[in-house]
Amino acid sequence: MKLNKMSIKYKLFLYMTVLVALMLIMLWMFQIVFLDDFYKQIKTNDIKASAENISDNIDNEELDTLLDSLSQQRETSIKIFNEDGSEVYSSDLYSDSTEHGMRYDDFYKLYQKALDNGGTYFEISNREIFKGGPGGENPFVGNIKEPRRDFAQSMIYVNIVEKADGSKAVAILNSMITPVDATVDTLRVQLIYVTGITLLLALGFALLISKRISKPIIKINKSAKELAKGNYDTTFNGQGYLEISELNDTLNYAAKELSMVEELRRELIANISHDLRTPLTMITGYGEVMRDIPGENTPENVQIIIDESKRLTTLVNDILDISKLQSGTQKMAFERFNLTQSIREIMLRYTKLTEQDGYRLKFISNEDAWVNADTVKMSQVIYNLINNAITYTGEDKSVTIIQSISNDRVKIEIVDTGEGIAQDMLPLIWDRYYKVDKAHKRAAIGTGLGLSIVKTILDLHEGSRYGVLSTIGQGSIFWFELMTA
Ligand code: ADP
């Protein structure tokens, strides 16, 4: 079974087992295998530290008291001789008989070894325990009342110490090494139990934890499958821990986005087909009438066909524009130009409209504003906004364009006196194919793409801002800002 195909349950158990095994191996190592070495090492360090202590305090007046407590604390026998073999101090830790006195040749041998070794000498002696008579090399162990003394080990540390007056003293420290075999046996039995119990616990925990971890994942997986089938109402609600609740949020967000895209797609198809069908029906209808009924071949009817064809062209161009802009295939051509002047030129093109249909277009500006932008695209933005304003403005047919400059920004506001837009619709009108009132007689003219194009173009201009203020019954103010250059 490959590791990433493994269920989380087994994986967790595997990891837990590895962890437990490592811990147990460590326990076995330290408690069983290396216990003896550790113990000896600690003892060795102890005895050396004591010797150090003696050497530091050899001239101390309280030396005897110090040595008494040292030998008690560390369970070490201490003897100190002068160079000539006379005893200066002897702790009575293991002393109860004649052996307590040390023979000169014993002392001398150890002293010699220490001398050869540069002042100190350390040895762990394994020999048979000295008992009952002179002659043993180890002057201390003979006093142990331990039945296993034959196997007992002891360590001896010899340290030649220089006194303040220049004479030398020899400190001989001796410490028993208690055999650890019995302890190890006990520990081994204990560890067998500990190992068994820990493994069982690890299994239990792994099962428990994996259940808690995998349950929400399984739940989410089920919901995700629903989502994949196209069921966008799916909600994700796996709970239990942070990552899962984050995953939940992400998936819920994705589901929402997907459902929006799906809705947009549906609307898009509905809109396009509707928008394309209307002019096409008109064109076909009028064409047929003109063919079949001789008197109907009038310039007015031809004009209708031309107008409808134009609408088709606009629609197709809008769709192309926006997809080009959004896919990034159409690049922006930034240049410094007089925005105020270009608005004035645009206004000129509306003269016919103002003269014929009674629209009142006004442009208010104090000074000329220069911007760094794409001239053609900015004209399109302005056209779209003015066209909308003209389409939706009120009975007074007035549209006002106001330019204001503050700091490094120029703001253009297009004000109409129409019905206004409901607050909750405001964020939506910038979407593709969105029309507030689909039944609105005038809205039928529009493609629903105008503001989406405005938004896309402005988004491609760095530092730009745009928005709309609208009051129902009073009209709307569409505005945008560009950095002046
Ligand atoms: P359309 O081609 O339908 O005008 P737009 O993207 O330009 O498409 O506008 C989207 C919708 O926003 C319009 O259908 C309309 O409902 C609303 N809208 C745009 N401009 C105005 C305005 N000046 N006053 C009222 N409603 C507006």
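Colleague: Let's start with Lys 397: is this residue buried, partly exposed or exposed?

Modeller: Partly exposed: this is a predicted model, and in it Lys 397 has a relative accessibility of 29%. The buried class stops under 20% and the exposed class begins over 50%, so 29% falls in between.

Colleague: Where in the fold does Lys 397 lie?

Modeller: Look at the loop between α10 and β9 (398-406). The backbone there deserves a glance too, since Lys 397 is not a glycine and yet has a positive phi of about 55°.

Colleague: Which other residue has a positive phi without being a glycine?

Modeller: Glu 75 is one, with phi near 50°. Again you'll find a loop, this time between α3 (63-73) and β1 (76-82).

Colleague: Back to the side chain of Lys 397. Which ring does Lys 397 lie over?

Modeller: The idea is to check the distance from the charged end to the ring centre, and whether that end is over the face. Lys 397 passes, lying over the face of Tyr 359 at 5.0 Å from the ring centre. Try Lys 48 as well: its charged end sits over the ring of Phe 122, 5.3 Å from the centre.

Colleague: Now rings against rings. How many aromatic pairs does the structure hold?

Modeller: There are 5 aromatic pairs. Take Tyr 350 and Tyr 383, whose centres are 6.1 Å apart with 50° between the planes. Stacked needs under 30 degrees and edge-to-face over 60, so this pair is called tilted.

Colleague: Which parts does that pair tie together?

Modeller: Tyr 350 is in the loop between α8 (339-349) and α9 (351-357), while Tyr 383 belongs to helix α10 (residues 375-392), so the pair links parts 33 residues apart in sequence. Tyr 350 also counts as buried, at 7% relative accessibility.

Colleague: Which residues form an aromatic cluster?

Modeller: Trp 430, Tyr 466 and Phe 478 make up one cluster.

Colleague: On to pockets. What's the general idea behind finding empty space?

Modeller: You roll a probe the size of a water molecule over the atoms, and that shows where empty space is left. In this model, the second largest pocket holds about 330 Å³ of space.

Colleague: Which residues lie nearest the centre of the second largest pocket?

Modeller: Met 260, Leu 264, Leu 428, Asp 431 and Arg 432, out of 14 lining residues. The elements giving two or more residues to that lining are α6 (242-292) and α11 (450-459). α6 gives the most, with 6 residues.

Colleague: How do the lining residues of the second largest pocket divide by character?

Modeller: You get 6 nonpolar, 2 polar and 6 charged.

Colleague: Why does the second largest pocket lie between domain 3 (230-330) and domain 4 (331-483)?

Modeller: Because both domains give residues to its lining.

Colleague: What about Met 260: buried, partly exposed or exposed?

Modeller: Met 260, in helix α6, is partly exposed, with 45% relative accessibility. For its surroundings, compare sequence with space: Tyr 232 is 28 residues away along the chain, and the C-alpha to C-alpha distance is 9.1 Å.

Colleague: How far apart are Leu 187 and Ile 32, in sequence and in space?

Modeller: They are separated by 155 residues in sequence and by 7.2 Å in space, C-alpha to C-alpha. Leu 187 sits in helix α5 (residues 181-228), and its relative accessible area of 16% makes Leu 187 buried.

How values were computed:
Residues are numbered from 1 along each chain as its sequence is written. This is a predicted model: local features need pLDDT of at least 70, side-chain atom pairs count only at pLDDT 80 or more; totals for chains, interfaces and linings use all residues. Side-chain values use heavy atoms; hydrogens and water are left out. On a 1 Å grid over the protein atoms alone, a cavity is a set of points where a 1.4 Å probe fits but cannot get out, and a pocket is an open set with protein on both sides within 12 Å along at least five of seven lines; lining residues have an atom within 4 Å of a point. Grid points are joined across faces, edges and corners, and a volume is the space filled by probe spheres set on the points. Helices (H or I, at least four residues) and strands (E, at least two) are DSSP runs, numbered from the N terminus. Ala, Val, Leu, Ile, Met, Phe, Trp, Tyr, Cys and Pro count as nonpolar, Asp, Glu, Lys and Arg as charged, and the others, Gly among them, as polar. Domain bounds come from an automatic or database domain assignment. Rings of Phe, Tyr and Trp (its six-membered ring) pair if their centres lie within 6.5 Å; planes under 30 degrees apart count as stacked, over 60 as edge-to-face and the rest as tilted. Buried means under 20% relative accessible area, exposed over 50%, partly exposed in between (1.4 Å probe, protein chains only). A charge sits over a ring if NZ of Lys or CZ of Arg is within 6 Å of the ring centre and within 35 degrees of the ring normal.
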